Amino acid sequence: MHTFRDAGARKGYPPARMRIVIVGAGQVGSTIVEALHGDHDLTVIDVVRERLEPLAYRYDVGTIEANGASRRALRDAGVGDADLFIACTSRDEVNLVACSFARVEAPHATSVIRTSNVEYIDLWREGRLDVDFAVSSELETAHAVSRSIGIPAARQTDVFAGGQVQIVEFDVPEGADPAVIDLPLREAKLPEDSRVFGIIRDDTLTLPRGSETIRPGDRIVVIGSPTAARAWGSLLSPEEAAVKDVVVFGGGQVGTAIARLLAAQDIGVRLIEPDRDRARAVAEELPECRVYNATGVDVDFLERELIGRAQAAVFAIKDDAENHYAATLARVYGVRFTIAVVHDTISTKVYEQSGVDVTVNPRGVTAEEIVRFAHDPRTQQVAMLEGDRYEVLDMITKPTSEYVGLKFRDMPIRGAMIGAIVRDGKAIFPRSDDVLQAGDRVIVFTETKRVPDVERVL
Amino acid sequence: MSPTSGADRPERIRERTYVGIDVRGALGLTGTMLAYLSLSALIPLACAIGYREPIWPFVGAGAIAGAVGLGLQRLGRRSPGPIGFREGYLVVSLTWLLAAAYAALPYLLSDERQVSRPVDAFFEGMSGFSTTGATVIVDVEALDRSLLLWRQLSQWLGGMGIIVLALAVLPRLRIGGRQMFESELPGPEVHQLAERIRDTARRLWLLYIALTLVLFGLLLVIGLTGLDDRMDPFQAIAHALTTMPLGGFSSDARSLELFAPVTQWVVALFMAIAGVNFALLYLALVRRRPRAVARDEEARLYGAMLLIGSAVVCAELIHAGVFAGEEALRQAVFQVTSLMTGTGFATTNYVSWPTVSIMAMIGLMFVGASAGSPTGSVKIVRHLLVGRILRRELRQTIHPELVQPIRLNGRTVDERTLRAVLAFVLLYIGIFIIGAILLAIDSRFSSVELGMTEAIAASAGTLGNVGPALGFAGPMGSYAPFSDFSKVVMASLMWIGRLEVLPVLVLLTRNYWRV
């Protein structure tokens, strides 16, 4: 489980619990509650009792059955004392209105909204929307898909320090490049500017020392520059070429966002949408994509358009069962690399069972993004690697830290590893004789239970 | 108790309505248009007074048109309600017919023998307002100056559109005007320059007037500085009045042949400018956004067509030894610009040019200039859209499920508009063929020698509002030898062509008139 530090830390107070009000107890809300309940006081507001009850029984959180877009309901929920306000219902307008009321009731609380409308995100970036943080499920999903297409073997990619540092999880396949396999790490020819953060074998993570070896079947966590991450990708799956041809199934909001992002990266995108009007709307919106009005399960269509030869296929059909069938069918027709957008949490397992390579859960990525923000501002981003057992911390070194002035090789290992430091806005991938300085932004990989230790010493 | 209940059957059942449109109201509005248009006779009247020429052709024409107009307007007073969408077609079509008749009056009332017959006068009047430039007058110089000015002025008035003018200056029409505006202004879509149609119409007309004045000034300077001693002030105003509307009437029997090369280049330049969409010209010249023209897909294709056409013709002229050097270039550019934009000026009698050039000439009559300019014919944007529709059809043959909206300048074009474009092109070609066949058949019954090329050129030239055809009706000739029937056919073609086919054709359908 994650640990989260208080909002007071940013003003130099000792860590304290935060009061957090969450509007919306759907999948996003539940995921946020799950991540934050242990360390903070949570109140969840939703109009549907059935969504609130499981949360109330499972976690120690307050629940209120009310409309989050009502000022009185918010006042009753005690928004006035809240440190953090999160509006994460599936409806943009409710989130916006709830946030506006929260601003009035609690002018000092930090506010976060979830929205599916890219225009609102743009408005927020321009500073014209009075919220502290806005997250779009569609956009986050598209980024997740795009990252995994950019590096084919990657399970999950996270970006730090404005894209200068990437943390990528790879499955090590049979037939990976022998330059890195079955060799002690200190002898292997690892890509420059990268480190192996961790090796996950038999569900246990080891923070590898120089004598450790990478074996096929392992899952490894690598930190490095974007170039290094790509180099790792081709080392581990050398036969896979750069992806230039992707088929997207489903032209809903998620599918469209994915297609737009991929097309912007100069990837040829074909999009398949069964609804005629929707297909037309997508075609008007995305002139650079080829849009087909067909179902993903029309065998004649798949054969005629040679869908099986696509380098990768993304499945973003709204219904999980349909999506799953389409993905399996595409695999039957020879698509080697399949990425599915899943909606139900359990679907992830189903997709993996049937051989879909990557799954992305829009609500999961949205919750993750919101939790990141709820985290200590010193820890600017949190990647939830491997469920919740490992964590990547991104934090600034305090001048009082006992590690300042030490060379990396002299630091005692305590179940954590510094993968990269950002100094004066530039990413450095430290060697053993580099020295840690006060004010360095460090990216640390650690087991979740050691997070408080790491925070204390740094 | 009766099994039916409710209010009693009304005492009187209304009589069945047969006619679905408000004819009275449409006639009334047409009358208003005509009455205001009759004021335009004041300009040649002033000219006649100045040159001490007979004034009564213009007094008479103005009086008759004014009286008929006011009479019709009176008729419309008893119309039940405002003019609607359907009546618009009748108003537009009738207004243009009456305008042509009005233009014919001074010719009939004068003692000019070349246009003394009603059919000839009407042909000349329609050719004027529709900016075609086909003429039945052989000896132009024999005309009175005031009558000559009237002939030029009719083209200038017709260029930007009578109804657009009416919308711009009339105090208030009882209609929104958008639909009539659209059916008169060439092209499938109308660019709005302002929120209100009236302001858009005003801006278009002001720009049109300003460009005419600039051209007049340039020609005047060319004349006064001695660069061209044929270009006196009257010639300058006369040619400025027919260049900007892409009309083609010349006050000189040899068109622009005897004018100096510099005059020909200037006129060619202004024909090319007048062929650009006026909304774009407004953006470029008034709002100072010249890139609006450079980025517009239609304007770019228009420029490319002018260049390619000129290059092909120029190459053949040099190769065949007809002209050499600057003259070959000038003749090619001038003739190509003139025929493609539908102006109809000429600097040489191209009737005897070699085959490829003649084919290019006839082909260019079907091209036209940009939508939103005073040009005739099919117009560049329709060619562009038809090309894209065909490309999409070819792609969809291979990928039947492909959804591909057609874009113009980055914006998708409505499928309904695309259908209208296809329908327009097919109707246009159909009417052109019918016209050519009628002319050919009629030539059998009259003593006119009309070959296939000439029949095709005459039909294309009048339907496309270009003007000169080939053979005896070529740029230095006249349409006088045609029979009366042929002249009526060609006047109809000009009318249909100017109003872009559909407004006239819907009047011929039963559904238009019935409830």
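In the predicted model, chain A is built from 14 helices and 22 strands. Of the 458 residues in chain A, 47% are buried. Among contacts in chain A with a separation of 6 or more, 61% join residues 24 or more positions apart.

Two positions of chain A serve to illustrate its local surroundings. Leu42(A) belongs to strand β2, residues 41-46 of chain A. Because 24 other C-beta atoms lie within 10 Å, Leu42(A) is classed as buried, the threshold being 20 or more. With residues up to four places away in sequence left aside, Leu42(A) touches Ile20(A), Ile22(A), Val33(A), Leu36(A), His37(A), Val61(A) and Gly62(A). For one of these residues, Ile20(A), the C-alpha atom is separated from that of Leu42(A) by 4.9 Å, although the two are 22 residues apart along the chain. Ser70(A), in turn, is found in the loop that runs between β3 (62-65) and α3 (71-76) of chain A. Ser70(A) has 15 C-beta neighbours inside 10 Å and therefore counts as partly exposed. From Ser70(A) to Gln164(A) the C-alpha distance is 42 Å, with their positions 94 residues apart in sequence.

Turning to the contact between the chains, 12 residues of chain A meet 8 residues of chain B. On the side of chain A, α9 (276-285) and β14 (290-293) each contribute at least two residues. By class, this side of chain A comprises 7 nonpolar, 1 polar and 4 charged residues.

The largest nonpolar core has 143 residues, and the members that touch the most others are Ala99(B), Ala100(B), Tyr102(B) and Ile162(B). Helix α4 of chain B (residues 85-109) provides the largest share of this core, with 15 residues. Beyond four places in sequence, Tyr102(B) is in contact with Leu34(B), Leu37(B), Ser38(B), Ala61(B) and Ala65(B). A second core, separate from the largest one, holds 50 residues, including Val248(A), Ile317(A), Val356(A) and Val365(A).

Within chain B, helix α11 offers a worked example of helix packing. At 1.5 Å a residue, its 14 residues should span 20 Å, and the end C-alpha atoms of α11(B) are indeed 20 Å apart, so expectation and model agree. Buried positions in α11(B) are Thr263(B), Gln264(B), Val266(B), Val267(B), Ala268(B), Phe270(B), Met271(B), Ala272(B) and Ala274(B). These buried residues are covered by elements of chain B that include α9 (197-224), α10 (233-243), α14 and α15.

The pairing with α15 can be described further. The axes of α11 (residues 261-274) and α15 (residues 325-340) of chain B come within 9 Å and cross at roughly 35 degrees, and the crossing is left-handed. From α11(B), Pro261(B), Gln264(B), Trp265(B), Ala268(B), Met271(B) and Ala272(B) meet Arg330(B), Val333(B), Phe334(B), Thr337(B) and Ser338(B) of α15(B). Sorted by class, the residues of this contact are 7 nonpolar, 3 polar and 1 charged.

A similar check on length applies to helix α17 of chain B, residues 380-398. For its 19 residues, 1.5 Å a residue predicts a span of 27 Å, and the end C-alpha atoms lie 28 Å apart, which agrees. The buried residues of α17(B) are Ile380(B), Val381(B), Arg382(B), His383(B) and Leu385(B). Their packing partners are α14 (297-319), β2 (407-408) and α18 (415-445) of chain B.

Note on methods
Residues numbered from 1 in each chain as written. Chains lettered and ligands numbered in written order. Predicted model: local features only at pLDDT ≥ 70, side-chain atom pairs only at ≥ 80, totals over all residues. Helix = DSSP H or I, 4+ residues; strand = E, 2+ residues; numbered from the N terminus. Expected span 1.5 Å × (residues − 1). Buried ≥ 20, exposed ≤ 12 C-beta atoms within 10 Å, placed from the backbone. Contact = placed C-beta atoms within 7 Å. Core = buried A, V, L, I, M, F, W, Y, C linked by C-beta atoms within 7 Å. Axes fitted to C-alpha atoms, helices over the stretch in contact; angles between N-to-C directions. Left-handed = near helix turned anticlockwise from the far one by under 90°. Nonpolar A, V, L, I, M, F, W, Y, C, P; charged D, E, K, R; others polar.
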